[in-house]
Structure formats: C-alpha cells, structure tokens
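Dear colleague,

I am handing over the structure below, and after it you will find my notes on what turned up when I went through it.

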Amino acid sequence: MSLLDLTPVMPVVVIEDAGTAVPLARALVAGGLPVIEITMRTPAALEAIRRIAAEVPEAVVGAGTVRTADDVTAALGAGARFLVSPGTTPSLLAAMVAAGVPYLPGVATATEAMMLAEQGVREMKFFPAESAGGAPYLKALSGPLPDVRFCPTGGITPANALSYLALANVGCVGGSWVTPAVLLAAGDYARIEKLATEAAFLRNSP
C-alpha cells in the first residue's frame with residue numbers, strides 16, 4: 001500500500017529530547033496516527049527514530065528534512081521506514097531511490113513535479129504548501145499532472161486540512177499541530193493522543 005494511503009494526517013515531529021520519542025509514538029498510534037515523520041533538525045532525531053523503531057513496532061516511523069545522501073544513510077541506519085525531503089536534487093533523489101524504502105521527495109512547482117515524474121516518481125511532498133499556493137495550486141496541478149499525488153506540508157492546520165484532503169491528488173497531509181512543542185515539553189501525551197484521534201477522523205468530517 002502507498003504511504004499516502006496509510007493515514008489522513010502524518011505528524012511532522014521535531015524531537016528535542018529522545019526520551020520523549022517512545023511515549024509520543026505510543027500516543028500517536030493509540031490516537032490512530034501510526035505514520036510518524038521525525039524531522040532531522042535536531043541532534044536527538046536519529047536516536048528518536050532508533051528508539052521508536054525498536055520499541056514501538058506498530059508505528060511506521062520515518063525521517064523528514066532529509067537533505068543529502070548521508071542523511072539517507074543515517075536515517076536508514078536508525079531504522080527509518082520512509083524518507084521525506086523538503087526539496088529534491090539529483091544526488092538526493094538517487095540516494096532515496098536506492099534506499100529501498102518509500103520516499104516523498106519535495107517539490108514546490110509544476111516544473112519540479114514534472115522533472116520527478118520524468119524519473120518515474122508519482123508521489124511527492126508539496127512544500128511549503130500554504131506559501132507555495134495552497135490547495136488551489138494543487139487543484140490546478142491535477143489537470144496537467146493527473147497521475148501525480150501529493151502530501152502537502154507547511155502551514156497545514158485543522159482549519160485548512162480538509163481543503164487539501166478533499167483534492168483527488170492529495171493522499172494525506174503533514175502537520176505539526178498534532179505534536180506541539182509545549183505538550184511535548186510538558187509530557188502531556190494524553191492531550192497528544194486526543195489531538196491524534198481528532199486528526200485521524202479529519203477525512204470523515206463533514
């Protein structure tokens with residue numbers, strides 16, 4: 001099954017303390033969001049991926065903010081089951097293809113999406129979604145690029161998520177609102193689980 005079909009919302013998580021990774025992952029899984037993107041923006045990211053992969057097998061943990069071939073190698077070594085990048089270069093794409101796990105290379109324009117489609121890529125990250133044109137832009141892309149699907153990330157909130165999820169070329173959205181830093185710092189995993197439960201039913205909302 002496609003990574004985009006596993007969940008309506010993919011939590012995009014910045015981990016400052018690897019000790020929060022396992023209880024966080026368990027809260028997200030309990031709330032119905034098993035696909036978790038840990039961004040490689042902090043020193044704790046790889047250890048967080050490692051701990052989730054080892055201790056929360058029901059979670060599908062991946063690495064985000066993957067920028068180089070070295071990032072790909074490090075993420076795979078930590079146990080990442082998928083890769084997400086903010087943009088795409090030829091060398092990064094080659095490394096992601098060779099990794100043997102699902103990947104979502106980042107694009108922000110029709111040209112970038114067409115260049116990836118020429119390489120056989122049909123699933124991409126659209127970033128930064130709101131700044132790059134939002135749901136209207138993605139809707140416009142569905143005409144000339146009907147065989148490409150996206151996971152928009154960047155500025156997605158509960159207020160606008162449904163406008164993206166209603167599009168035929170959007171499989172899921174990525175968002176950080178499910179795991180706000182203030183709740184992580186407070187260890188409020190019950191509240192995170194509640195936010196995850198709400199997000200998991202977004203696709204079924206009126």
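**Pockets, core and one buried strand residue**

In the second largest pocket of this predicted model, the lining divides into seven nonpolar, three polar and two charged residues. The residues concerned are V12, V13, V14, E16, D17, T20, S176, T179, P180, A181, L184 and A185, and the volume they line is about 200 Å³. Two elements, β1 (9-13) and α8 (181-186), give two or more residues to this lining, with the largest share, three residues, coming from α8.

The largest pocket holds about 250 Å³ of space, and of the 14 residues that line it, T88, T89, E112, M115 and L116 are the closest to its centre. At least two lining residues are supplied by each of α4 (90-99), β6 (106-107) and α5 (110-118), and α5 provides the largest share, four residues. By class, this lining has seven nonpolar, five polar and two charged residues.

As for the interior, the largest nonpolar core has 65 residues, of which I38, F150, V173, W177 and V178 touch the most other members; helix α1 (residues 21-30) contributes the largest share of this core, six residues. Beyond its neighbours within four places in sequence, V178 is in contact with V9, L28, L33, I192, L195, A196 and A199.

Finally, T39 lies in strand β2 (residues 35-39) and counts as buried because its relative accessibility is 0%. Leaving aside neighbours within four places in sequence, T39 is in contact with V12, V13, V14, A45, G64 and T65.

With best regards

Terms used. Residues numbered from 1 in each chain as written. Predicted model: local features only at pLDDT ≥ 70, side-chain atom pairs only at ≥ 80, totals over all residues. Heavy atoms only, no water. Buried < 20%, exposed > 50% of the residue type's maximum accessible area, 1.4 Å probe, protein only. Contact = heavy atoms within 4.5 Å. Core = buried A, V, L, I, M, F, W, Y, C linked by side-chain atoms within 4.5 Å. 1 Å grid on protein atoms, 1.4 Å probe; cavity = no way out; pocket = protein on both sides within 12 Å on 5 of 7 lines; lining within 4 Å. Points joined across faces, edges and corners; volume = space filled by probe spheres on them. Nonpolar A, V, L, I, M, F, W, Y, C, P; charged D, E, K, R; others polar.
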